[in-house]
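Reader: I am new to protein structures and would like to know where the labels come from. Could you take me through a few of them?

Author: Gladly! Have a look first, and then ask away.

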Amino acid sequence: MGQALYFSGCSSAAIREQFAPFSEQLQCRQLRRNVEARTVAALESDHVCLVRFTSPSYSHWVLAVGVMYADGKPHSLLVLDPLMDGVPLTPWNALLEHWGSKKLRNTNARWSEKASLDKVVQVGLRSRRGTTLALA
């Protein structure tokens, strides 16, 4: 369904359209306020978040699957990046470091570069009654 957008990229509205056929099973919403804190809260509630960021060379979506802490504060988002190879024995293959600061960096096995947060879309499963279920 999303193949036509692969090289041109897409907006958060297009992402939500991609999930529309699954609306009975999935809840999908864009985070607009307090994005950094709400992204961490979503990940800690076993949801996942699609994060769009820009770097000096491209704009890119990744799937955030967890949070790494340093000194008791969220430091990095653990992400699955389709541009990177898998890392054995880990459920992520890259980091968005310095989460919630102006020093955001996209870091993976090949390089690390400065990035700017663009959009975050939270995705979670729905129960039959419409409440959100935790992703396990």
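Author: Keep in mind that this is a predicted model. A good place to begin is with strands β1 (residues 26–30) and β8 (residues 116–126), which pair in the antiparallel sense over 5 bridges.

Reader: What makes β1 and β8 a pair?

Author: Two strands pair if there are at least two bridges between them. β1 and β8 have 5 bridges, so they count as a pair. Among the partners, Arg-29 is bridged to Gln-122 in β8.

Reader: How do you know that strand β2 pairs with β8?

Author: By the same kind of check: the cut-off is at least two bridges, and 7 bridges join β2 (residues 48–54) to β8, with the strands running antiparallel. One of the partners here is Lys-119 in β8, which bridges to Arg-52.

Reader: Why is the contact of Asp-118 with Arg-52 called a salt bridge?

Author: The label needs a side-chain nitrogen of Lys or Arg within 4 Å of a carboxyl oxygen of Asp or Glu. The closest N and O atoms of Asp-118 and Arg-52 are 2.8 Å apart, so the pair qualifies. Asp-118 lies in strand β8 and Arg-52 in strand β2, so this salt bridge ties together parts 66 residues apart in sequence. In general, side chains of opposite charge can pair when their charged atoms come close.

Reader: How many salt bridges are there by this rule?

Author: The count comes to 2. In the other, the side chains of Arg-110 and Asp-85 meet at 3.3 Å, N to O. Arg-110 sits in the loop between β6 and β7, and Asp-85 in the loop between β4 and β5, 25 residues apart.

Reader: Are Arg-110 and Asp-85 buried or exposed, and what about Asp-118?

Author: Exposed means over 50% relative accessible area. Arg-110 is at 51%, so it counts as exposed, and Asp-85, at 57%, counts as exposed too. Asp-118 has 32%, which is why it counts as partly exposed.

Reader: Why is Ser-76 called buried?

Author: The cut-off for buried is under 20%, and Ser-76 has 1% relative accessibility, so the label fits. Ser-76 is in strand β4 (residues 73–80). Leaving aside neighbours within four places in sequence, Ser-76 is in contact with residues including Gly-66, Leu-95 and Trp-99.

Reader: What makes the meeting of the Ser-76 and His-75 side chains a polar contact?

Author: The limit for the N or O atoms is 3.5 Å. The two side chains make their contact at 2.7 Å, so the distance is within that limit.

Conventions. Residues are numbered from 1 along each chain as its sequence is written. This is a predicted model: local features need pLDDT of at least 70, side-chain atom pairs count only at pLDDT 80 or more; totals for chains, interfaces and linings use all residues. Side-chain values use heavy atoms; hydrogens and water are left out. Helices (H or I, at least four residues) and strands (E, at least two) are DSSP runs, numbered from the N terminus. Buried means under 20% relative accessible area, exposed over 50%, partly exposed in between (1.4 Å probe, protein chains only). A polar contact is a pair of N or O atoms within 3.5 Å; within protein, one must be able to donate a hydrogen and the other to accept it, and residues adjacent in sequence count only if both atoms are side-chain atoms. Contact means heavy atoms within 4.5 Å.
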